[in-house]
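Me: I'd like a close look at one part of this protein. Could you take me through a single helix and what follows it, and then set that beside some other spots in the fold?

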Amino acid sequence: MSASRLRRVAVLVLEGAKPLDVGIPAQVFTTRASMPYEVRLCGAAPGLVSGGDGLSYHVAHGLEALAWADLVFIPGYRFPDREDPPPAVVEALVAAHSRGARLAAISTGAFALAATGLLDGRRTTTHWHYTRALAAKHPLVRVDENVLFVDEGSVLTSAGAASGIDLCLHILRGDLGVAASNHAARRLVAAPYRSGGQAQYVPRSVPEPLGERFAATREWALRRLDEPLTLDLLAQQAAVSPRTFSRRFVEETGYTPMQWVMRARIDMARELLERSERSVEQIATDVGLGTGANLRMHFQRILGTTPSEYRRTFTRGE
């Protein structure tokens, strides 16, 4: 996918829309010279939309924006389990999906997406407080309450507002590559990547200081990806036993420690492929994978493509 092609993003503001849920995609994909996106806020009709939490929105566009968009965000809204959105909204979402647009729900926006029937038989998520209500209202939807976001290709869903940032960064990574996603994360002062499989909240049995210690361990590892990193070394840095480290690392990130290290290395390789002219062999050394053959093997296994093809896809200016 060419990084320079303009992509059209519609943010659908429904009655009772939550402010953060509306603001996140609007800000992440905001129209600017460095981002090949054009963003339009829309509603069931142009004009004033009463939002949640005491705010209202004046949207310039109606449902025609969904016929224009390549990507449609559906922010969360109040009382999603009480009634479905207006039929015209549901029909417009179905029509947008039918012509190839991606539909992405943030938090309780999943209820509006489920009303279209497009989530039937698919894995999805929403804010943990509403997962049971979503499953009860739409029994054909496979609700997963233990993840931050779910990517089913043409339909995507996320949990609460903060995980909407994770979903947006995930979409950016797929559209423009790791460098652009990391740049956006720095602009937002957000974590550059949290696994979609990470739990929505850490179990209460895990002490709070441990999560902070693990974050420091991950930062420590990210600065040393070119060095040998083992489970024992990471556990030693975190000052816990390898067994405890492994179990709680999975709870915190959704990955085993060594899976996380490998994905971090592949992400670093992706950014070097996007932003440098270093050879595959050089990049393999830079990220701690040793040889080009080793990098190619893991790249293919994790991303389903080769480093050379990835570089051709995400080279700036294509």
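Reply: Here is a walk around helix 9, followed by a few other places for context.

Bear in mind that this is a predicted model. The protein has 14 helices and ten strands, and 48% of its 318 residues are buried. Of the contacts between residues at least 6 apart in sequence, 66% join residues at least 24 apart.

Now to helix 9 itself, which spans residues 231–238. Which of its residues are buried? They are Leu234, Ala235 and Ala238. Around the axis they cover an arc of only 100°, so they sit on the same side of helix 9. The general background is handy here: an α-helix has 3.6 residues a turn, so residues three or four places apart point the same way. Turn helix 9 around, and the face away from the buried side carries Asp232 and Gln236, both exposed.

Gln237 also belongs to helix 9, but it falls in the middle category: with a relative accessibility of 37%, Gln237 counts as partly exposed. What does Gln237 touch, once residues up to four places away in sequence are set aside? The answer is Thr217 and Trp220. In the same stretch of chain as those partners, Arg218 has its C-alpha atom 9.6 Å from that of Gln237, and the two residues are 19 apart along the chain.

Just after helix 9 comes Ala239, and its backbone is worth a look, with a positive phi of about 65°. As a rule, most residues other than glycine have a negative phi. Ala239 is a residue other than glycine with a positive value. Its place is in the loop between helix 9 and helix 10, the latter covering 242–253. Is Ala239 buried or exposed? At a relative accessible area of 59%, Ala239 is exposed.

There is another case of this backbone feature to put beside it. Phe79, again not a glycine, has a positive phi near 55°. Phe79 is found in the loop between strand 5 (71–74) and helix 3 (87–98). With a relative accessible area of 36%, Phe79 is partly exposed, whereas Ala239 is exposed.

For a contrast with these sites, try Ser158, which sits in strand 10 (residues 155–158). Ser158 is buried, and its relative accessible area is 0%. Leaving out residues up to four places away in sequence, Ser158 touches a long list of residues, including Ala105, Ile106 and Ser107, then Thr125, Thr126 and His127. Leu148 and Phe149 are also among the residues it touches, as are Ser163, Gly164 and Leu167.

The last three of those bring us to helix 6, which runs over residues 161–176. Helix 6 packs with helix 7 (residues 178–188), their axes coming within 7 Å and crossing at roughly 150°. An angle over 145 degrees counts as roughly antiparallel, and helix 6 and helix 7 are therefore roughly antiparallel to each other. Their crossing is right-handed. On the helix 6 side, the contact is made by Ile165, Leu169, Leu172, Arg173 and Leu176. Helix 7 supplies Val178, Ala180, Ser181, Ala184, Ala185 and Leu188. By class, that contact has nine nonpolar residues, one polar and one charged.

Further along the chain is another helix pair. Helix 11 (residues 257–275) packs with helix 14 (residues 307–314) at an angle of about 55°, with the axes 8 Å apart. That makes helix 11 oblique to helix 14. This crossing, too, is right-handed. Arg270, Leu272, Leu273 and Glu274 make the contact from helix 11, and Pro307, Tyr310, Arg311 and Phe314 make it from helix 14. The residues of this contact divide into five nonpolar, no polar and three charged.

One more stop is Thr285, found in helix 12 (residues 280–286). Thr285 is partly exposed, with a relative accessible area of 47%. Apart from neighbours within four places in sequence, Thr285 is in contact with Asp226 and Gly290. Leu225 lies 60 residues from Thr285 along the chain, and the C-alpha atoms of the two are separated by 9.7 Å.

Back at helix 9, then, the picture is this: Leu234, Ala235 and Ala238 are buried, Asp232 and Gln236 are exposed on the face turned away from them, and Ala239 follows just after the helix with its positive phi.

Terms used:
Residues numbered from 1 in each chain as written. Predicted model: local features only at pLDDT ≥ 70, side-chain atom pairs only at ≥ 80, totals over all residues. Heavy atoms only, no water. Axes fitted to C-alpha atoms, helices over the stretch in contact; angles between N-to-C directions. Helix = DSSP H or I, 4+ residues; strand = E, 2+ residues; numbered from the N terminus. Parallel < 35°, antiparallel > 145°, perpendicular 65-115°, else oblique. Left-handed = near helix turned anticlockwise from the far one by under 90°. Contact = heavy atoms within 4.5 Å. Nonpolar A, V, L, I, M, F, W, Y, C, P; charged D, E, K, R; others polar. Buried < 20%, exposed > 50% of the residue type's maximum accessible area, 1.4 Å probe, protein only. Arc of directions from axis to C-beta.
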